[in-house]
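Hi,

Here is the model I promised to pass on. Have a look at it first, and my notes follow underneath.

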Amino acid sequence: MSEETTSEPAGSIVTTDFVRHRNAMLVRADFGSLFTDYYLHLADQKLRYTPEQDAIFKTALAAFTLHSASRPLNEHLAWTLNLQDPRLNVFLAADNEDCTVVGRLFTENVRAAEQNTFYSDIVARRGAEPRRSVVNFFGADIFAAATDFYARSEQRPVRFFQLAGDEHAMLLSQPDCDVAWFSSVDASAVKDLDKAETLSRIERRAYEWHCGCTQQKILGAIAPAFRADPRGVFGDAESIRVECPRCAAVHTLTREAMEAYLAESKKDQA
């Protein structure tokens, strides 16, 4: 009789604990696995970012995943950060039902503005109308931008920490929070918080890097434009390259595949 073995779920484990007597919530994770999958995706798609751009995206990915882990399991979330210096857009999306996250940088044709803008979108369930919050912020510090977003949109204090290596944490205030302690605690104290404070485990999730974009989905997205103006989409070419707006993966679409997709769609509707 063989012994049963239990294995850790794939992805980065994010834990959520209630800090008793302080009335705060601690969300933390080692994002080594998630960052590795992100870099493998960059390599697969031959994407290249500058060190500054890469650091901004990794920090945003960590903050966004911690934020997502603090939200209900039925939510779908997205952040878009429009930065002016450096000029780029950071996009991140999460599916809390599957515990997946994905994102990309837009480094070209980024809208110029007087201020940076932080967009947060939440869909409470599949097919529901999204709720959007928009705040302006200054500088390229992503933790500061997310903290400002919480203060102005969520209307409660939050603090983000990089602990050691790929470990990150988010401390989120709850009603009757010990504000003096919340404001003064530092990264070293947060790293060893379980030794100094009483923590009660709320939840444990494993987040993976996953987009789910496929040629069929891209064909479906391009189909309305092709129906209206086939030449405008393909020109004289027999194939085009289309970037996924969520993860920047490149999909090659042929005119033949598009026509077959439309024929199949028409058959399904008949």
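Let me start with a pair of helices. Helix 2 (residues 51-69) and helix 3 (residues 142-154) pack at an angle of about 35°, and their axes are 9 Å apart. On the helix 2 side the contact is made by I56, T59, A60, A63 and H67, and helix 3 answers with I142, F143 and Y150. Sorted by class, this contact of helix 2 with helix 3 has six nonpolar and two polar residues, with no charged ones. Do keep in mind that this is a predicted model.

Now for the sheet. Ten strands make up an open sheet with mixed pairing, and their order is 7-6-3-4-5-10-1-2-9-8. Strand 7 (131-137) and strand 8 (158-162) sit at the edges, each pairing on one side only. From one strand to the next, the twist averages 20°. Helix 2 turns up again here, since it packs on the sheet and touches strand 1 (12-19), strand 2 (24-30), strand 3, strand 4, strand 5, strand 8, strand 9 (167-173) and strand 10 (199-209). The direction of helix 2 makes about 30° with that of strand 4.

If you want one pairing to look at, try strand 3 with strand 6 (residues 116-123): they pair in the antiparallel sense over seven bridges. One residue to pick out is L77, whose bridge partner in strand 6 is I122.

Two loops have something to show as well. Most residues other than glycine have a negative phi, and most peptide bonds are trans. Which kind of peptide bond runs from D85 to P86, cis or trans? That one is cis, with omega near 5°, and P86 lies in the loop between strand 3 and strand 4. In the loop between strand 5 and strand 6 you will find N109. Phi of N109 is positive, near 55°, and this residue is not a glycine.

There is another helix pair to see. Helix 7 (residues 215-228) and helix 9 (residues 255-269) pack at an angle of about 85°, with 10 Å between their axes. That makes helix 7 roughly perpendicular to helix 9. Helix 7 brings Q216, L219, G220, I222, A223, F226 and R227 to the contact, while helix 9 brings R255, A257, M258, E259, Y261, L262 and S265. By class, the contact of helix 7 with helix 9 is made of eight nonpolar, three polar and three charged residues.

Last come the pockets. The largest pocket has a volume of about 270 Å³. Its lining is made of 15 residues, and H76, A93, A94, D95 and R246 are the ones nearest its centre. Which strands each supply at least two residues of that lining? They are strand 3 (76-84), strand 4 (87-95) and strand 5 (100-106). Strand 4 provides the largest share of the lining of the largest pocket, with four residues. Seven of the lining residues of the largest pocket are nonpolar, four are polar and four are charged.

The second largest pocket holds about 180 Å³ of space. L47, R48, Y49, R104, L105, F106, T107, E108, E243 and A248 line the second largest pocket. Here strand 5 gives the most, with three residues. The lining of the second largest pocket counts five nonpolar, one polar and four charged residues.

Best wishes

Methods
Residues are numbered from 1 along each chain as its sequence is written. This is a predicted model: local features need pLDDT of at least 70, side-chain atom pairs count only at pLDDT 80 or more; totals for chains, interfaces and linings use all residues. Side-chain values use heavy atoms; hydrogens and water are left out. On a 1 Å grid over the protein atoms alone, a cavity is a set of points where a 1.4 Å probe fits but cannot get out, and a pocket is an open set with protein on both sides within 12 Å along at least five of seven lines; lining residues have an atom within 4 Å of a point. Grid points are joined across faces, edges and corners, and a volume is the space filled by probe spheres set on the points. Ala, Val, Leu, Ile, Met, Phe, Trp, Tyr, Cys and Pro count as nonpolar, Asp, Glu, Lys and Arg as charged, and the others, Gly among them, as polar. Axes are lines fitted to C-alpha atoms, for helices over the stretch in contact, and angles run from 0 to 180 degrees between N-to-C directions. Angles under 35 degrees count as roughly parallel, over 145 as roughly antiparallel, 65 to 115 as roughly perpendicular and the rest as oblique. Contact means heavy atoms within 4.5 Å. Two strands pair if DSSP finds at least two bridges between them.
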